[in-house]
Structures are given as C-alpha cells and as structure tokens.
Amino acid sequence: IVATLTSNKAHDKVIDERMKFMSEQIKDLSTKVEKHNEFNDRLIIVEQSVKSAHKRLDMIAKEDKKNE
C-alpha cells in the first residue's frame, strides 16, 4: 500500500509539472494570437487608407485631364 501511495504521488507530481508546462505554452500562444489580431486590425486600417488615397489620386488625375 505504501509503495502504491508513493507511486501515485510521484505520478501526480509528473502530471502537475506537465500541466504547468502546458499552461505556460497556452499563455504564450494566447499572447502570440493577441499580437497577430492587433496586427491584422492595423493592416485593415492601412488597406482602407490606401484605398482612399488611390480614389483621391484618381479624382485628381481626372481633374488634371479636364483642365488640359
């Protein structure tokens, strides 16, 4: 019985260590996902700005052709 209890405690310790390691990995992945999402949000804003700038440039080019 004592050997079984000792074995179970050792097994529980290994499980606890693995759980801590997995928890750290999950935190790291969560941080990376958060950074990726922030980057994606900024990229969408930049794309919208570029699209707007292209429209303005097209309008200016049309006005220049009219004035020639």
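Reader: What share of the 68 residues of the chain counts as buried, and what makes a residue count that way?

Author: In this predicted model, 0% of the 68 residues of the chain count as buried, because that word is kept for residues with under 20% relative accessible area. The accessible surface of the chain comes to about 6900 Å², and 59% of that surface belongs to carbon and sulfur atoms.

Reader: How do you know whether the chain is a compact globule or not?

Author: The radius of gyration of the chain is 29 Å, whereas a compact globule of 68 residues would have one near 11 Å, so by the globule rule, 2.2 Å times the number of residues to the power 0.38, the chain does not have the value of a compact globule. The C-alpha trace spans about 100 × 10 × 10 Å along its principal axes, and the chain holds 1 helix and 0 strands.

Reader: Why is F39 called partly exposed?

Author: F39 has a relative accessible area of 46%, and since partly exposed covers what lies between under 20% for buried and over 50% for exposed, the term applies to F39. F39 is found in helix 1, and its C-alpha atom is separated by 54 Å from that of A3, 36 residues apart along the chain.

Reader: Why is E17 given the term partly exposed?

Author: With a relative accessible area of 47%, E17 is partly exposed, because exposed would require over 50%. E17 also belongs to helix 1, and 43 Å separates the C-alpha atoms of E17 and I45, which are 28 residues apart along the chain.

Reader: What makes I15 suitable for a nonpolar surface patch?

Author: I15 is partly exposed with a relative accessible area of 34%, and because patch residues need over 30%, I15 passes that cut-off. I15 lies in helix 1, which covers residues 2–67, and together with M19, F21 and M22 makes a nonpolar patch of about 400 Å².

Reader: How many positive and negative side chains does the chain have, and how far apart are the centres of the two sets?

Author: The chain has 14 positive and 13 negative side chains, and the centres of these two sets lie 1 Å apart.

Note on methods
Residues numbered from 1 in each chain as written. Predicted model: local features only at pLDDT ≥ 70, side-chain atom pairs only at ≥ 80, totals over all residues. Heavy atoms only, no water. Patch = residues over 30% accessible without salt bridge, like charges linked within 9 Å, V, L, I, M, F, W, Y side chains within 5 Å. Areas by Shrake-Rupley, 256 points an atom, 1.4 Å probe, with all protein chains shown as cover. Salt bridge = Lys/Arg side-chain N within 4 Å of Asp/Glu carboxyl O. Helix = DSSP H or I, 4+ residues; strand = E, 2+ residues; numbered from the N terminus. Buried < 20%, exposed > 50% of the residue type's maximum accessible area, 1.4 Å probe, protein only. Lys, Arg positive; Asp, Glu negative; His and termini not counted. Charge placed at Lys NZ, Arg CZ, Asp CG, Glu CD.
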